[in-house]
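Thank you all for coming; today I would like to walk slowly through one structure, and I will explain each term when it first comes up. Please have the sequence and the model open beside you while I talk.

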Amino acid sequence: MGTTFPAMSDLWISVRPYPGRLNHVLRAMVACTIVVIMSQSLQVPLLALSLITVFFVTQTNVVVTRLAGILFIVGCTFSIFLSLIVLKVTWNTPFLRILISFTLFFVSVFLMRTTKIGVVFFVVAIVAIYTQSLVDIASDSETLVREILWVWVAVNYPIAVTLIINSLLMPVEPEIQLKRAIGKQLSGMAYLLSADATSLRRQNSLSQAGRDIQTLYRLLRYKTMRDKHSVQKATHNLAAIAIVSELRTASCHLPASFEGEDVLKDAETLRNALKQLELMLINGGPDWQTESPVLRSTEPAFIAIAGIISSYNKKVAAAENKENTRTPPSADAHAGFLIKDAFSNDHYVFFSLKTLLSVAVCYLFYTATDWSGIHTIMLSCLIVAQPGLGNTQRKIILRLVGAAIGSVFALVTIVYLTPRIDTLFGLLCIVLPVIALSSWISAGPENISYAGVQIMFTFALATLETFGPVTGLTEVRDRIVGIILGIIVAGLIHTLIRPEREGGVMLQNLGALFDEARSWLYSATRHNETRQKVATGLAECEDIAARVAIEPTWFSAEGSHDQLHQHSLSILNAIKNVLFYIDRVSFEKEHLKNQEPANEFIWGIQGNMDKIASVLNGMAVSDGDIYYPVPDSVLPDSFRDAAKGLEESQRHFFSLTSTL
């Protein structure tokens with residue numbers, strides 16, 4: 001399926017089960033069930049807002065859930081307070097009210113992009129613009145204040161319910177997630193050492209290793225936030241992740257096929273060593289040590305993996321001999337409230353201005369038509385406004401698809417199901433399947449997750465905003481019209497006015513990664529220290545390339561869009577191959593007794609490396625003086641194979657860039 005329909009293959013990968021996904025869905029469903037029962041029984045309005053709050057607060061583990069809950073409470077309380085102050089001061093002067101509200105919205109969007117707690121200001125911006133729609137339909141000031149205070153209730157009590165469910169009923173501890181991730185990656189590497197895993201070894205890449213490494217360090221950060229006082233465990237976990245990360249990057253250089261009795265026996269030896277290491281890291285204490293594997297063959301990847309496993313004992317001993325060991329402070333521990341380039345980078349100001357302009361245009365249309373049912377038109381402008389044009393385009397697609405699916409579910413419910421129920425139990429039987437589907441999608445990767453939230457929100461807006469059966473279809477029509485109009489306005493403004501493209505950012509990041517990888521050919525220490533950094537950087541570049549691929553180009557004249565940006569995915573794949581073989585050549589060189597012939601080859605390709613760096617920096621180069629040296633015949637076959645792969649990857653890169 002992946003070769004014929006890649007989009008369907010990606011969709012299937014996004015929706016299939018993974019460890020912890022069902023738990024995530026169950027936590028969201030239990031919290032939503034309680035919220036539906038309480039809101040319908042006590043007649044708390046804005047049930048759709050309460051349900052979407054549950055979705056946003058329910059996260060992968062208890063640490064992130066609590067952090068999200070606290071930030072939402074702070075943001076909601078602060079925004080409600082500001083809205084009431086603005087209304088009190090400007091109740092009799094509508095122009096001043098709109099002016100102050102738009103100013104507050106602009107500042108909130110700017111801080112949403114430039115602070116580490118952007119979610120707080122996202123909530124402030126949402127409330128600031130949402131209250132304007134309430135003002136236009138409220139009959140008097142007292143009714144308006146009541147409606148605004150109900151917003152505070154509808155947001156905060158679901159947060160309390162969600163925190164209780166996630167903390168007491170089905171808690172997911174980051175320490176357990178970290179151990180599972182370590183075990184899964186070590187088991188995967190052990191399987192790569194099987195003789196029948198040829199296809200998987202060919203597909204193994206540095207960028208995929210980078211994603212696995214990112215997962216480990218992210219879970220370690222959550223675990224440290226959960227238990228800040230366990231210094232011994234933190235040191236043990238840090239050493240474990242370092243070992244697994246080194247093994248993961250080294251596994252990318254396993255030969256595609258295992259030939260020879262010694263190679264097969266060594267693969268079995270390393271497979272057993274990895275299984276033993278897995279038991280040590282997951283079940284053992286920080287003072288446990290592993291046996292160093294003894295090899296028979298001279299396969300460089302095997303030697304590297306064996307050396308990494310043996311080094312675990314040295315790292316454990318070093319940690320034991322340190323007195324008053326403390327975990328190093330994170331880079332973000334002393335970071336300021338604003339990011340470094342908050343005021344020097346004009347992208348943030350223009351982003352805020354474009355978002356404000358789209359909201360102002362939609363508000364003008366909303367008030368001019370006196371169509372109160374399409375108040376989602378302004379919310380859409382803020383929701384789809386994302387850093388980068390590709391991100392905005394993806395959010396537009398997900399919001400539109402989610403709204404369409406949610407509207408279909410609401411239409412079927414109103415026409416066929418609602419007339420047949422008259423109890424709260426019947427309502428739950430209709431609502432919970434939609435919530436389960438939406439939660440399953442929202443628990444997926446970023447490329448589909450928001451569609452799940454939008455399905456639930458659109459469905460709830462149309463069917464759960466009253467305390468009785470809904471029989472009219474006006475709500476369904478108004479919601480989808482408001483969403484579509486908001487998407488059109490926001491999409492046009494963000495696309496036509498100073499579009500924030502990311503192709504240049506990706507090329508700049510690739511250039512930095514390439515410069516880092518070049519140093520591997522000359523320094524084994526540098527190779528060992530920065531291989532993980534380059535692997536995670538490649539994973540980040542892949543994410544950027546995926547967003548660049550969906551950036552709209554329909555408004556550009558032919559040839560006006562930078563060709564390198566349009567072919568960013570091809571450039572990325574070519575550079576990935578070059579980096580892979582640089583890593584391979586570095587591995588091979590480090591295991592040579594006489595490195596002089598290898599150094600001669602490396603100095604011979606120095607000019608090619610300079611040209612690749614120049615291309616990534618946007619400079620043109622000529623093909624006439626590109627030189628491909630022949631490795632000395634005294635070098636082993638494995639080195640010459642790696643050198644040939646590096647030559648072919650360079651040829652492919654130059655042939656690709658010469659046509660752009």
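Let me begin with D543, which forms a salt bridge with R211, the closest N and O atoms being 3.0 Å apart; a salt bridge here is a side-chain nitrogen of Lys or Arg within 4 Å of a carboxyl oxygen of Asp or Glu. This pair links distant parts of the chain, since D543 sits in helix 21 (residues 524–549) and R211 in helix 10 (residues 206–226), 332 residues apart. Helices (H or I, at least four residues) and strands (E, at least two) are DSSP runs, numbered from the N terminus.

Before going on, I should say that this is a predicted model, in which local features need pLDDT of at least 70 and side-chain atom pairs count only at pLDDT 80 or more, while totals for chains, interfaces and linings use all residues. Residues are numbered from 1 along each chain as its sequence is written, and side-chain values use heavy atoms, with hydrogens and water left out.

Now, are the two partners buried or exposed? D543 counts as partly exposed because its relative accessibility is 32%, and R211 counts as partly exposed because its value is 26%; buried means under 20% relative accessible area, exposed over 50%, and partly exposed in between, with a 1.4 Å probe and protein chains only.

A second salt bridge is the one in which the side chains of D515 and R518 meet, at 4.0 Å from N to O. These two are separated by about one helical turn, because they are three residues apart in helix 20 (residues 503–518). D515, at 40% relative accessibility, is partly exposed, whereas R518 is buried, with a relative accessible area of 15%. Returning to our opening pair, salt bridges that share partners join R211, E542, D543 and K576 into one network. The whole structure holds 20 salt bridges, and one of them brings together the side chains of R146 and E142, at 3.6 Å from N to O.

Let us turn to another arginine, R399, which lies in helix 16 (residues 389–417). R399 counts as buried because its relative accessible area is 1%. Which side chains make polar contacts with R399? S380 does so at 2.8 Å, and Y450 at 3.0 Å, where a polar contact is a pair of N or O atoms within 3.5 Å; within protein, one must be able to donate a hydrogen and the other to accept it, and residues adjacent in sequence count only if both atoms are side-chain atoms.

Next comes the nonpolar interior. The largest nonpolar core has 94 residues, and L51 and F105 have the most contacts inside it; such a core is a set of buried Ala, Val, Leu, Ile, Met, Phe, Trp, Tyr and Cys residues joined through side-chain atoms within 4.5 Å. Helix 18 (residues 446–463) gives the most to this core, with 11 residues. Apart from it lies another core, of 46 residues, among them V578, I602, A642 and F653. As for L51, the residues it touches include C32, V35, M456 and L464, if we leave out residues up to four places away in sequence, and contact means heavy atoms within 4.5 Å.

That is the tour, and I am happy to go back over any part of it.
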